[in-house]
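Biologist: Hi, could you walk me through this one? I have a few quick questions.

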Number of protein chains: 2
Amino acid sequence: MFVTGHTRSGSSADLPQGQQKAASIRDVAQAAGVSYQTVSRVINGHPNVREETRKRVQEAITVLGFRRNATAFALASGVNRSITVLTSNTLLHGYAATLQGLEEASRAAGHTLGVRVLTFEDDLDRTIASAADTGGGLVVIGFDRLGAAALDRVPAHVPCAAVVEAPPPGSSPGLPAVWADDREAARAATAHLLALGHDTVHYVAIPASTGSRRSVGPRAEGRRQALESAGVAVPEPSGKGWDAQAGYEAGKKLARNPEATAILCGNDDLALGVLRALHHAGRRVPEDVSVIGFDDAPHSAYVTPSLTTVRMDFQGLGRAAFGLLRTRLDPDQQAPAVLPAAPALILRESAGPRRT
Amino acid sequence: MFVTGHTRSGSSADLPQGQQKAASIRDVAQAAGVSYQTVSRVINGHPNVREETRKRVQEAITVLGFRRNATAFALASGVNRSITVLTSNTLLHGYAATLQGLEEASRAAGHTLGVRVLTFEDDLDRTIASAADTGGGLVVIGFDRLGAAALDRVPAHVPCAAVVEAPPPGSSPGLPAVWADDREAARAATAHLLALGHDTVHYVAIPASTGSRRSVGPRAEGRRQALESAGVAVPEPSGKGWDAQAGYEAGKKLARNPEATAILCGNDDLALGVLRALHHAGRRVPEDVSVIGFDDAPHSAYVTPSLTTVRMDFQGLGRAAFGLLRTRLDPDQQAPAVLPAAPALILRESAGPRRT
DNA sequence: GCGAGGATTGTGAGCGGTCACAACGCGGGC
DNA sequence: GCCCGCGTTGTGACCGCTCACAATCCTCGC
């Protein structure tokens, strides 16, 4: 790989200037010849203000370019329309799309959205506390180990909603949470491959969100259940990572196994890597091997072969999580609470019937 | 395309509870038998507090679970460590990666990061004003029309930095801004294709960030310059969108043109669509047609053929933008201001020598 | 033994808004 | 003609914290 670049990066200068303090409610009051309280009434649309007074105040407001100080408002009124999302990742499709749904919903509701990335270096409790200090609510994306850990440590008194993987049947997270039934989706995807005539379905896993040995995550779980109820062998899952590189590594091994004719992947990036490894090994997809991904990332429809995958409504998940948080934040706010769409298997080119 | 899904989405209940107001500085003071000011001194690490007093206060703090109210702090002290990013998109690679760099840098500096998506429906001025009301600084991602428009309307008194496309030589944005030299990068990519023996280089464009007819964006510009200085024909750019779908449409047309043996794309998504269209038309890449993308999205290395592309240091751009804003926010803060890496042409499989 | 000066602590005011309540002017019903 | 009640406006206190300054305590040097 050769790298070239007759290029540069640049930046323009910044311009200093004589800042002058923003006008306050009292400045406006003085300019309009009324008390500050009257100004407050005007900016809050209080009914009992004489029309003429209101006009005078309005005028002063525009002349002075007054804007109500959001910080002071929050302090005095106690209402805080800001929420912050805690997530370990912002780039992977599932996370980014969830974030987008969250942003959309909070914007629609007039809330402000903050993002704080979780890392292993930072102290989790400290991070959570400082996020909670902003005063608004919290949304935790618990798709992975770090997010799930954060979830466990959110103090009970801070308003928080979570978006998580499907919890084990029967159990439910200790917090308000939303999830999609990816367990069932994995089951359906696996059943689909079985129905296509494959002997069994191999699995390239995304990392588990829990540290416990017991749970390997709903996707792995769903695939296992489907295989077991079909009475076929359950090959050990492989994979150690989220990205295409990890998929490639796992794919290389699977490519050497002539028995492996059907592979389910924990996400589309992994699937992409698997596809590539298979290609390098000379195994054709879907003629020799079928591959199914997960998440339906935007590019999955455009790779060749296009990727059969499970579409997940991450944006809907984000919106739903916001809805949950909102009802927690102000309980009289009875939002319609639109549920996210159910996962759906999208049939494309990468999975096909077994050819002996 | 068939869609299936024996699945559901669920959500757990939320738990009510007897909130009790958080402890204030005065509560702590009372508990420790000191004045509130002494508590303030302790939490701010002021030196002149007797050791024993400090200990007593600290104890009261942990007992009461005191956390300094961030809103009140911001109001009283006037320091506001929060910045908000204005962007029209959060999912496209360039945006998402820039956002990530921004988050990383602001987190490292102890700032809070907000994200506000710009839409055509919302009133731009109102959006900007409300973002500015949060008190901190603004960062505008001006890669597209909407972002660039927002940039123009940011009032001079609000601290703001921007990340933009490379401005025309000589000119520079009216605000502190960072950019990468994608004009030069496009020139280099084009020159590379020419050097491979192609007669000329077609271009599938991303939408321009400016409304004016004159400017079509630095990437288009750089490719045009390279072609002109080589004295070859300059085919009209195509493309009307950012995504693979748009690339596919443009690619379909180009595939019908046997003269088109080299295609530069405004981003990797477009390139992916072009690749797919070419594939459908039976034109092989790189044997029949060479394709080069832009941005080096994470999956570009793993599609087949892997995509030759221009790597852009978006995260570095984000970090640099934050640095700019930071110096604007508190001028004594002389950050090292690490410049982003220059764009680099990454040679992979999708571009090769002209055959025949 | 006493005053100077630094360390330590407390008080008042204010950041920019909100809330609760009091005060004012006015017209209508008796 | 007086009182009531409403619409309108102003005042005081406060949200939780910081700043500036004043008050107190202590210790040291002469």
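Biologist: How far is a phosphate oxygen of DNA strand C from an N or O atom in the side chain of A:S40?
Modeller: That distance is 2.4 Å. This is a predicted model, where local features need pLDDT of at least 70, side-chain atom pairs count only at pLDDT 80 or more, and totals for chains, interfaces and linings use all residues. Residues are numbered from 1 along each chain as its sequence is written, chains are lettered from A and ligands numbered from 1 in the order in which they are written, and side-chain values use heavy atoms, leaving out hydrogens and water.

Biologist: Thanks! What about A:K21 and A:N69?
Modeller: A:K21 has a polar side-chain atom 3.1 Å from a phosphate oxygen of DNA strand C. For A:N69, a polar backbone atom is 3.0 Å from a phosphate oxygen of that strand.

Biologist: And which residues come nearest to DNA strand C?
Modeller: A:R26, A:S40, B:S35, B:R41 and B:T53, out of 28 residues around the strand (near means a heavy atom within 4 Å). Sugar and phosphate make up 49% of the strand's atoms that come within 4 Å of the protein.

Biologist: Switching topic, how many salt bridges are there between chain B and chain A?
Modeller: There are 6, counting a side-chain nitrogen of Lys or Arg within 4 Å of a carboxyl oxygen of Asp or Glu. One of them joins the side chains of B:R67 and A:D133, at 2.4 Å from N to O.

Biologist: Nice. How many residues of each chain are in contact?
Modeller: 86 of chain B with 87 of chain A, where contact means heavy atoms within 4.5 Å.

Definitions and conventions: A polar contact is a pair of N or O atoms within 3.5 Å; within protein, one must be able to donate a hydrogen and the other to accept it, and residues adjacent in sequence count only if both atoms are side-chain atoms.
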